[in-house]
Amino acid sequence: MRATQSASEPADHGPGEILLSARDVKMHFPMRGGLFRTVKGHVKAVDGVSLRVERGETLAVVGESGCGKSTLARLLLGLLEPSAGKVFFMGHDLTTQKLREVREQRRHLQMVFQDPMSSLDPRMTIKNIVSEPLVVHHKPGRRPRNVAVVAILVLLFGALAFALSILAFAVPKVPLFFGFLSTDVVFPSLIGVAFSAVTVVSGVGLWREGTWAWELATIIFAMSLVVSVIFFSPVQIGVTALFLASLVSVRKQFVSAEEISKRVVELLEVVGLKKEHLNRFPHEFSGGQRQRINIARALALNPDVIILDEPTSALDVSVQAQILNLLMELQRNLGLTYLFITHDLSVVYHIADRVAVMYAGKIVELGATEEIFRNPLHPYTKALISAAPVADPSVKADRIVLEGEVPSPVHPPPGCRFHPRCWLAFEPCSKLEPELFDAGNGHRFACFATARDRGLWRQTGTNTAIDRPVPV
């Protein structure tokens, strides 16, 4: 049962443009067992999360391990299909779009994963790793019509030329499509067979929108034009010139290897690496350098939003500072928007504009970073902040030690998920699920005790059975 609240998702906290938002998103993984693999239960990794990310800001999602942060990141990116709820990116509902349309949106929404080594292919060079998004996403969702027409014409041309080249072995004086005339000498006919076969291959590559195929087809028809001019074959000159003009007209649909290499070098320089690193493999770099490579790959397509899934957790403290400073510099220079997932509160205070605190698959507090650290309202947030180490040894930290265990996502407790470990819990907490109460200035929290003390909630009735709480 849930306590009613005026809104089920965070209220607007400013006039900024909303790039990414989730509305009551749930991810329940089925647990199967038995002979027929029937569903025995569900792991409620994310259970009703709503949030919004505005252009240019950094929203940090914090919480202990297993609370659903990484699952939420994959839901927002479209790597997982939610069990319920909706995810919006730049006004488009990612949960209802087709895979092709989601891939188009993913050009503007990238992710940096937690482990820099496992997210890089050990068999690929840095050049290939960073350029992979450029190659994959350079192709539009639908094949351009002019590219399809040119590919079909090249295929037909190659097939016809191949047939005539084979026919030239049996029938003398048959003109070949590449400017050769069949004679009693077999060699020119063999050249015609080879050229036509390569033309068919390039036509297939053009249909698949391969840059190599465009380059190969251009070379073939340029050579054919030269041979046609030498042997003065007007028909061949006209046909090959027409094909060359068609290939030039679709040039912008393909990206060359030189352009890719230039872009990769630019990206490496942006993240503090050098051109000499292009042909090295991931194992030849340190942890911080590997994370810089991940960031370069995420920047390849000039995204609007980057989801950072604990990008510094596997790094040394000194390297963490370098990566954080790099991320902040990139945000200032490129106008990026970050969704920063971490469990390190010191990192959050350094980089985030707003903070969303997660516990057992739910957001329990949301607000500006300064406000959350200065005046935490949810008991779990207070415990998290009290557990953060203090750099000054003369300052005695007043830690809040939580008792009990983290609830199982398979069998979460009824009511508030935190009530078995909460020192403020009272009767409604074990029976009713709190919504996010509004404390003003975009600061929201899900706690009956705090809401009662602040006059935002009251309990009605005098019965032993708790009546449904109503907001004040």
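In this predicted model, four strands form an open sheet in the order E2-E1-E4-E5, and their pairing is antiparallel. Strand E2 (38-54) and strand E5 (92-93) stand at the edges with a single partner strand each, so one side of each is left without a neighbour in the sheet. Beyond this sheet, the briefing covers the cysteines Cys-422 and Cys-447, neither of which is in a disulfide, given that the structure holds zero disulfides, as well as the largest pocket, with about 370 Å³ of space, and the cavities, of which there are three of 30 Å³ or more.

**Sheet and helix H1**

- Strand E1, which covers residues 18-33, pairs with strand E4, which covers residues 84-89, in the antiparallel sense, and five bridges join the two.
- Within this pairing, Leu-20 has Phe-89 in E4 as its bridge partner.
- Helix H1, made up of residues 69-77, lies across E1, E2 and E4, and its direction runs at about 70° to that of E2.

**Cysteines without disulfides**

- The count of disulfides in the structure is zero, and for Cys-422 the reason lies in distance, because the closest cysteine sulfur, in Cys-447, is 5.7 Å from its own sulfur and thus too far for a bond, where a disulfide requires the two sulfur atoms to be within 2.5 Å.
- Seen from the other partner, Cys-447 is likewise in no disulfide, and its nearest cysteine sulfur is that of Cys-422, 5.7 Å away.
- Cys-422 counts as buried because its relative accessibility is 17%, which falls under the 20% limit for a buried residue.
- Cys-447 is also buried, with a relative accessible area of 6%.

**Largest pocket**

- The largest pocket holds about 370 Å³ of space, and 15 residues line it, with Arg-106, Gln-110, Phe-113, Pro-133 and His-137 lying nearest its centre.
- At least two residues of this lining come from each of three elements, namely strand E6 (109-112), helix H3 (126-138) and helix H9 (287-299).
- Helix H3 gives the most to the lining of the largest pocket, contributing four residues.

**Cavities**

- Three cavities of 30 Å³ or more are found in the structure, and the second largest cavity contains about 60 Å³ of space.
- The cysteines Cys-422 and Cys-447 both belong to the lining of the second largest cavity, which also includes Cys-416 and Cys-429.
- The remainder of that lining is made up of His-378, Pro-379, Phe-418, His-419, Ala-425, Pro-434 and Phe-448.

Key: Residues numbered from 1 in each chain as written. Predicted model: local features only at pLDDT ≥ 70, side-chain atom pairs only at ≥ 80, totals over all residues. Heavy atoms only, no water. Pairing = 2+ DSSP bridges. Contact = heavy atoms within 4.5 Å. Axes fitted to C-alpha atoms, helices over the stretch in contact; angles between N-to-C directions. Buried < 20%, exposed > 50% of the residue type's maximum accessible area, 1.4 Å probe, protein only. 1 Å grid on protein atoms, 1.4 Å probe; cavity = no way out; pocket = protein on both sides within 12 Å on 5 of 7 lines; lining within 4 Å. Points joined across faces, edges and corners; volume = space filled by probe spheres on them.
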